[in-house]
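Here is a protein model to explore together. Have a look at the sequence and the 3D view, and then we will ask how its labels are earned.

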Amino acid sequence: MSHSLSEEPAMSCCGTEGTCSTTQAPEAGSAALTTVYEVQGMTCGHCKEAVTKAVTALDGVTGVEVDVATGRVTVGSTYALDDAAVRGAVDDAGYELVGRA
């Protein structure tokens with residue numbers, strides 16, 4: 001494959017933190033946000049899947065990690081999420097968002 005001088009170099013999708021994204025890299029000085037919530041009522045893998053699916057569906061969410069043992073739900077997002085929206089998603093899944101951890 002030949003490359004002309006006018007082509008821009010390929011941009012890597014992998015971040016220095018070991019993350020990978022297929023979207024354009026954020027502008028310098030901007031970063032993804034991480035918020036940790038405390039959720040009650042989760043006891044098993046099904047609970048983990050239900051909360052993950054519900055929170056992942058929210059606009060701006062880039063990743064969700066659920067730790068059933070501690071009740072912590074770590075949410076990555078492109079901007080600050082509305083806590084009421086997160087609470088609604090968790091409640092609709094059948095669990096109780098206590099607040100930010």
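The questions below go through a helix, two cysteines, an alanine and a nonpolar core in this predicted model.

Q: How do you know that the span of helix α1 agrees with its number of residues?
A: Helix α1 runs over residues 45-56, which makes 12 residues. At 1.5 Å a residue the helix should span 16 Å, and its end C-alpha atoms are 16 Å apart, so the two values agree.

Q: Which residues of α1 are buried, and what puts them on the same side?
A: The buried ones are Cys47, Val51, Ala54 and Val55. They cover an arc of only 90 degrees around the axis, and therefore they lie on the same side of α1. A general rule helps here: an α-helix has 3.6 residues a turn, so residues three or four places apart point the same way.

Q: What do the two faces of α1 look out on or carry?
A: The buried residues of α1 pack against β2 (61-67), β3 (72-77) and α2 (83-92). On the face turned away from that buried side you will find the exposed residues His46, Glu49 and Lys53.

Q: Why is Cys44 not counted as bonded to Cys47?
A: A disulfide needs two cysteine sulfur atoms within 2.5 Å. The sulfur of Cys44 is 3.6 Å from the closest cysteine sulfur, in Cys47, so the pair is too far apart for a bond. By this rule the count of disulfides comes to 0.

Q: Why is Cys47 called buried, and what is Cys44 called?
A: Buried means under 20% relative accessible area, and exposed means over 50%. Cys47 has 5%, so Cys47 is buried. Cys44 has 35%, which lies in between, so Cys44 is partly exposed.

Q: What makes Ala32 count as buried or exposed?
A: Its relative accessibility is 58%, which is over 50%, so Ala32 counts as exposed. Ala32 is found in the segment before β1 (33-40). Ala32 and Ala80 are 48 residues apart in sequence, yet 9.1 Å apart in space, C-alpha to C-alpha.

Q: Which residues have the most contacts inside the largest nonpolar core?
A: That core has 16 residues, and those with the most contacts inside it are Met42, Val51, Val55, Val73, Val75, Val90 and Tyr95. At least two residues of this core come from each of β1, α1, β2, β3 and α2. Tyr95 touches several residues farther than four places away in sequence, among them Val39, Met42, Cys47, Val51 and Val90.

Terms used. Residues are numbered from 1 along each chain as its sequence is written. This is a predicted model: local features need pLDDT of at least 70, side-chain atom pairs count only at pLDDT 80 or more; totals for chains, interfaces and linings use all residues. Side-chain values use heavy atoms; hydrogens and water are left out. Helices (H or I, at least four residues) and strands (E, at least two) are DSSP runs, numbered from the N terminus. The expected span of a helix is 1.5 Å times one less than its number of residues. Buried means under 20% relative accessible area, exposed over 50%, partly exposed in between (1.4 Å probe, protein chains only). The arc is that of the directions from the helix axis to the C-beta atoms. Contact means heavy atoms within 4.5 Å. A nonpolar core is a set of buried Ala, Val, Leu, Ile, Met, Phe, Trp, Tyr and Cys residues joined through side-chain atoms within 4.5 Å.
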